[in-house]
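This report describes selected features of a protein structure. The sequence and the model are shown first, and the account follows.

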Amino acid sequence: MKGPLENGTLKSVPECGEKETALMPALYTAQKEHGWMSIEAMEAVAGALDIPKARVKGFATFYDMFGKKPVGRHVVRLCTNVSCILSGSEELLLRLRDKFGIAPDETTPDGRFSLVAMECIGACGTAPAMLVDNDFYEDLTTENIFSILEKYK
Amino acid sequence: MNILLKHIEYPGSTELKGYCESGGYKALSKALDMKPADIVNEVRRSGLRGRGGAGFPTGMKWTIASMDPKKPKYIICNADEGEPGTFKDRPILEKNPHLLIEGMAVSAYAIQAEYGYIYLRGEYPQAKEIVEKAIKDAYSAGYLGDNILGKGFKFHLFVYFGAGAYICGEETAMIESLEGKRGQPRIKPPFPVNEGFLAKPTVINNVETFANIPHIVEIGADAYLKIGSPESPGPKLFSVSGSVNKPGVYELPMGTTLREIIYGHCGGIKNGKELKAVIPGGVSTPIMTADKIDCPMDFVSLPRYGSMLGSGGIIVFDETADLLKVCLRIMEFFDHESCGKCTPCREGVGWLVAVLRRMSTGSGNPGDIELLTEISKNILGKCFCALGDGAAMVVQGFLNNFRSEMEAGIGGQQ
């Protein structure tokens, strides 16, 4: 993929087959550069792809992976669907709240972690599971979750 | 049996070299010497049914798409595995990416498609890296590109990374999403096989479905038909989670019973507890009681036991499970994932959640059970896609099979 968002402008359109498929990867590029999906980021994408701003906003706000507000340096996505609940992910949410003072959709005051309660992340056989940024962690316990998070400063 | 999970016998098969050494890409080479129509015919004869959940006959889908004169044609791999309880496509994507690429290349040749997309869910960033590398390697080795294996067939393949919308697993919502739109389902007909991506004939198959294709081409339909049960041939990936000793993904012949899966392969219920209930095919399939586990896991048997095969995502509940809470959690999921297009689903599922939420604290109102039944009847069959239907049937499943536990949520009854 080409064209990072520099100074609020997407320099070129990503290469991904047909041109209609460019919007999603362009938004990922913008989010990577900008940290989250701000109005400015969405408008920069609209300008770069030459499509209406309203269409970009309608699209970006439909998909959960595009952050609707600023996030911390690391995003902890803990699965809270059926199989993870059966294996104790609700307890993990409580422990995270006790340790970091954050509930789902909140960010620690020092900007280190944002917490997201996820629907299924496809690790039901090794539940409970979480994604920290792009890293998968499975078979979580109330102990190992904190040693894992220690790695993320 | 390891047709789909090749890496178990050949750990090196994740990489191109190891995959080729274990016999990989031979089916593609063989296919390119066959007539496209003969491959479609072979797949049709094999009885392969879609592994994503609906179980539509793959050969029929391909036949309709190949007969449509519009060009170009597209193929899309549904790798938006989001059905809670389902994690069967992940080992193919992460450990056997070339099996998927080979399956897609053969399929593309069969219906004469020049472009393909793998619509991969945003929650699988590791799979994205692995599949993208595998595609790059396949291009370098001549298994993808403008002149595949020097046999004059052109096929280009791209990964399209989704962004966290369960509804995009519905094929028309997936196409909308690929076209840079909100993932909201289209009315059918027209079906994607005639008017799909960019209004062109489009075949969408699940990861596991494509992974079956090389084997069918290699051994032929007659040999393939000997695997599994007569009405649902082939191997099936079952992803088992919840209260079992050995959760995981198991490749077994279609028609293996739930009992054999739970007590044989998965080593029984955790901590010596009793089995209480099973969800057989992901959370949008109705829950079953413990006495039904002699049911063969295939497309035709499960409806006779009041449920569906779905994705084969089995969730096992022991005697301690709070099923009212589970039902609420599943409805919260559907409420979160409803795309909002059709009123019965958008409003109805939200209403189901509100009723179940008060019941889960023991303060349900008299008449709430009847209300749940009424709401679910008013969702069923009244929406563009099956998301609302799934929610409605799941609530009905809990009410039919675990009524007294649900009734315990009505205030003043305990």
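## Helix H8 of chain B and its surroundings

In this predicted model, B:Gly180 adopts a positive phi of about 80° just after H8(B). Helix H8 spans residues 171-178 of chain B. Of its 8 residues, 7 are buried, so H8(B) is largely enclosed by the rest of the structure. The buried residues are B:Thr172, B:Ala173, B:Met174, B:Ile175, B:Glu176, B:Ser177 and B:Leu178.

The packing partners of these buried residues come from both chains. Chain A contributes helix H1 (23-34) and helix H3 (53-60). Chain B contributes E1, strand E2 (115-120), strand E4 (153-161) and E5.

## The loop between H8 and E5 of chain B

The loop that runs from H8 to strand E5 (202-206) of chain B contains B:Pro189. The peptide bond between B:Lys188 and B:Pro189 is cis, with omega about -5°. Most residues other than glycine have a negative phi, and most peptide bonds are trans.

B:Leu198 lies in this loop between H8 and E5 of chain B, and its phi is positive, near 55°, although the residue is not a glycine. With a relative accessibility of 23%, B:Leu198 is classed as partly exposed. B:Ala199 is also placed in the loop between H8 and E5. Its phi is positive as well, at about 65°, and B:Ala199 is not a glycine. The relative accessible area of B:Ala199 is 39%, which makes this residue partly exposed.

## A further cis peptide bond in chain B

Another cis peptide bond links B:Lys71 to B:Pro72, and omega is about -5° there. B:Pro72 belongs to the loop between helix H4 (58-67) and strand E1 (74-79) of chain B.

## Helix pairs in chain B

Two packed helices are described by the angle between their axes and the distance between the axes. Helix H13 (residues 343-360) and helix H14 (residues 368-379) of chain B have axes that come within 9 Å and cross at roughly 165°. H13(B) is therefore roughly antiparallel to H14(B), and the crossing is left-handed. On the H13(B) side, the contact residues include B:Trp351, B:Leu352, B:Val355 and B:Met359. Those on the H14(B) side include B:Ile369, B:Leu372, B:Ile375 and B:Ile379. The residues of this contact comprise 13 nonpolar, 3 polar and 2 charged.

Helix H6 (residues 97-111) of chain B packs against helix H7 (residues 125-140) at an angle of about 55°, with the axes 9 Å apart. H6(B) and H7(B) are therefore oblique to each other, and H6(B) passes H7(B) in a right-handed crossing. H6(B) supplies B:Pro97, B:His98 and B:Ile101 to the contact, while H7(B) supplies B:Ile130, B:Val131, B:Ala134, B:Ile135, B:Asp137 and B:Ala138. The residues of the contact of H6(B) with H7(B) divide into 7 nonpolar, 1 polar and 1 charged.

## Nonpolar cores

The largest nonpolar core contains 148 residues. The members that touch the most others are A:Tyr63, B:Phe155, B:Phe317, B:Ile330, B:Met331 and B:Phe334. Helix H6 of chain B gives the most to this core, with 10 residues. Apart from the largest core lies another, of 22 residues, including B:Val244, B:Ile262, B:Val278 and B:Val316.

Beyond its neighbours within four places in sequence, B:Ile330 contacts A:Val82 in chain A and B:Ile279, B:Val283, B:Val394 and B:Phe398 in chain B.

## Buried positions in chain A

In helix H2 (residues 39-49) of chain A, the buried residues include A:Ala41, A:Met42, A:Ala44, A:Val45, A:Ala46 and A:Leu49. Just after H2(A), A:Asp50 has a positive phi of about 60°.

A:Pro128 occupies the loop between strand E4 (113-118) and strand E5 (130-132) of chain A. This proline is buried, with a relative accessible area of 2%. Leaving aside its neighbours within four places in sequence, A:Pro128 is in contact with residues including A:Cys84, A:Ser87, A:Gly88, A:Leu92, A:Tyr137 and A:Leu140. A:Leu78 is 50 residues away from A:Pro128 in sequence, and the C-alpha to C-alpha distance between the two is 8.0 Å.

Key. Residues numbered from 1 in each chain as written. Chains lettered and ligands numbered in written order. Predicted model: local features only at pLDDT ≥ 70, side-chain atom pairs only at ≥ 80, totals over all residues. Heavy atoms only, no water. Axes fitted to C-alpha atoms, helices over the stretch in contact; angles between N-to-C directions. Helix = DSSP H or I, 4+ residues; strand = E, 2+ residues; numbered from the N terminus. Parallel < 35°, antiparallel > 145°, perpendicular 65-115°, else oblique. Left-handed = near helix turned anticlockwise from the far one by under 90°. Contact = heavy atoms within 4.5 Å. Nonpolar A, V, L, I, M, F, W, Y, C, P; charged D, E, K, R; others polar. Core = buried A, V, L, I, M, F, W, Y, C linked by side-chain atoms within 4.5 Å. Buried < 20%, exposed > 50% of the residue type's maximum accessible area, 1.4 Å probe, protein only.
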